[in-house]
Amino acid sequence: MIGEVTGIRRIRMLYLQLLYRCNFECLHCFHGKRLQHADAFTADEAISLLTLMRDHYGTGAVTLLGGEPFVYKDLPQVVRYAKQQLGLRVEICTNGYRIEPRLATIAPYLDLLRVSLEGVGPTNDHIRRSGSYQSALNALGLARELGVPTGVTMTVTSRNITEVLPLAGILGNLGVRQLKLHCLRPVGNAAAHPELLITDSVAYAELRERLQAADLAIEVIVDEDLSEYGAPEICTPAGGPSEIDRIEADPRGALTMSCKAVGRDSHAFWYDKPADRIVHRPSPTDELTLAVPDVVYARV
């Protein structure tokens, strides 16, 4: 269906939000009130969508997220099927809170564990949850022992921008491979916390300079909104109009393409769970979602 409407024949990665439910209520979370919703994929629905994407769109990788994917009861089943039966590259994005027992069971099927942190110690715990910083470090340490590559994501705010380099240093010493930096957008919970927004663009320029000058034992990647020129107003498809980097499925089944799939149809598709098919639901209010690509700013 996507190919017939848009001409897109290949989608490299599926971002699969398994559920909205989470054990955190982070101050900056873009989901906001959606975290209270009960929408979720069953294991069979998740596996069916993964199979459909691989068979029809050549999808070779999946990122499992939420909500919090480690509170999803069928996570081991979905992870094992994705890796063993479908041969997909499997990544999980998590808050890393007390996940060690479940992590140990799925480690053989994981290609990357990515943990969210928002600074060092108390800074992180204020934004996320008390005790979450040490718990995240524990999870990263166990992943290393189990042979699972690790990464960290950080949303840059007024509270933590000065801790980007200190955190990068700590993570590098722990063997974490990559730190991804994202720009805070005033949506969801962040809309109620304008004090977290960075209003002075000079702060980003200074951060970029510090990253370029630093001798870090970790790769640091920033999204384009934090780059020197900002995100482009129009995204050019990579590899031609028939191929895009990713598509994201929310727990209801709504599908959103990255901004590389230009046009209203970027969110006019749904995964019809009962029928196991993708359907086209155009809307006059559809607009382009700017899920911008990343730029590497610091690398060993």
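In the predicted model, D276 is placed in the loop that runs between strand 10 and strand 11 (277–280). The backbone of D276 adopts a positive phi of about 50° although the residue is not a glycine, and its side of the chain is neither closed off nor fully open, since D276 is partly exposed with a relative accessible area of 36%. A second non-glycine residue, R98, likewise has a positive phi, in this case of about 55°. R98 belongs to the loop between strand 3 and helix 4 and, at 62% relative accessibility, counts as exposed. A further backbone feature is found at G66 and G67, which are joined by a cis peptide bond with omega of about 25°; G67 is part of the loop between strand 2 (61–65) and helix 3 (75–85).

The chain as a whole comprises 8 helices and 12 strands, and 52% of its 300 residues count as buried. Of the contacts between residues at least 6 apart in sequence, 72% join residues at least 24 apart. The chain exposes about 13600 Å², of which carbon and sulfur atoms supply 50%.

Two of the helices were examined individually. Helix 6 is made up of 15 residues (132–146), which at 1.5 Å a residue should span 21 Å, and the distance of 21 Å between its end C-alpha atoms agrees with this expectation. Its buried residues are S132, Y133, S135, A136, L137, A139, L140, L142 and A143. The cover over these buried residues includes helix 4 (100–106), strand 4 (112–116), helix 5 (122–127), strand 5 (150–156) and helix 7 (164–173). Following helix 6 is G147, whose phi is positive, near 80°.

For helix 8, the 12 residues (202–213) should span 16 Å at 1.5 Å a residue, and the end C-alpha atoms are 17 Å apart, which agrees. The buried residues of this helix are A203, Y204, L207, R208 and L211. Viewed down the axis of helix 8, these buried residues fall within an arc of 140°, so they line one face of the helix. An α-helix has 3.6 residues a turn, so residues three or four places apart point the same way. The face of helix 8 turned away from the buried side carries the exposed residues E209, Q212 and A213.

Two of the buried residues of helix 8, A203 and Y204, are also among the contacts of I198, a residue in the loop between strand 6 (178–183) and helix 8. Residues up to four places away in sequence not being counted, I198 touches V156, T157, S158, I161, A203 and Y204. At 18% relative accessibility, I198 counts as buried, the cut-off being under 20%. The C-alpha atoms of I198 and R159 are separated by 9.0 Å, although the two residues are 39 residues apart along the chain.

The structure holds 2 aromatic pairs. In one of them, the rings of F24 and Y97 have their centres 5.4 Å apart and their planes at 65°, so the pair is edge-to-face. F24 lies in the loop between strand 1 (10–17) and helix 2 (43–57), whereas Y97 lies in the loop between strand 3 (89–94) and helix 4, so the pair ties together parts that are 73 residues apart in sequence. Both partners are buried, F24 with a relative accessible area of 2% and Y97 with one of 10%.

The other pair, formed by F41 and Y271, is stacked, with 6.4 Å from centre to centre and 20° between the planes. Because F41 lies in the loop between strand 1 and helix 2 and Y271 in strand 10 (residues 269–272), this pair ties together parts that are 230 residues apart in sequence. F41 and Y271 are both buried. The ring of F41 is also met by a charged side chain, as K273 lies over its face at 4.3 Å from the ring centre. An arrangement of this kind is found at Y15 too, where R246 lies over the face of the ring at 4.2 Å from its centre.

The loop between strand 1 and helix 2 also contains H37, which is partly exposed, with a relative accessible area of 39%. H37 touches Y20 and R21, residues up to four places away in sequence again being left out. The C-alpha atoms of H37 and P251 are separated by 9.4 Å, with their positions 214 residues apart along the chain.

Technical notes: Residues numbered from 1 in each chain as written. Predicted model: local features only at pLDDT ≥ 70, side-chain atom pairs only at ≥ 80, totals over all residues. Heavy atoms only, no water. Helix = DSSP H or I, 4+ residues; strand = E, 2+ residues; numbered from the N terminus. Expected span 1.5 Å × (residues − 1). Buried < 20%, exposed > 50% of the residue type's maximum accessible area, 1.4 Å probe, protein only. Arc of directions from axis to C-beta. Contact = heavy atoms within 4.5 Å. Phe/Tyr/Trp six-rings, centres within 6.5 Å; stacked < 30°, edge-to-face > 60°. Lys NZ or Arg CZ within 6 Å of the ring centre and 35° of its normal. Areas by Shrake-Rupley, 256 points an atom, 1.4 Å probe, with all protein chains shown as cover.
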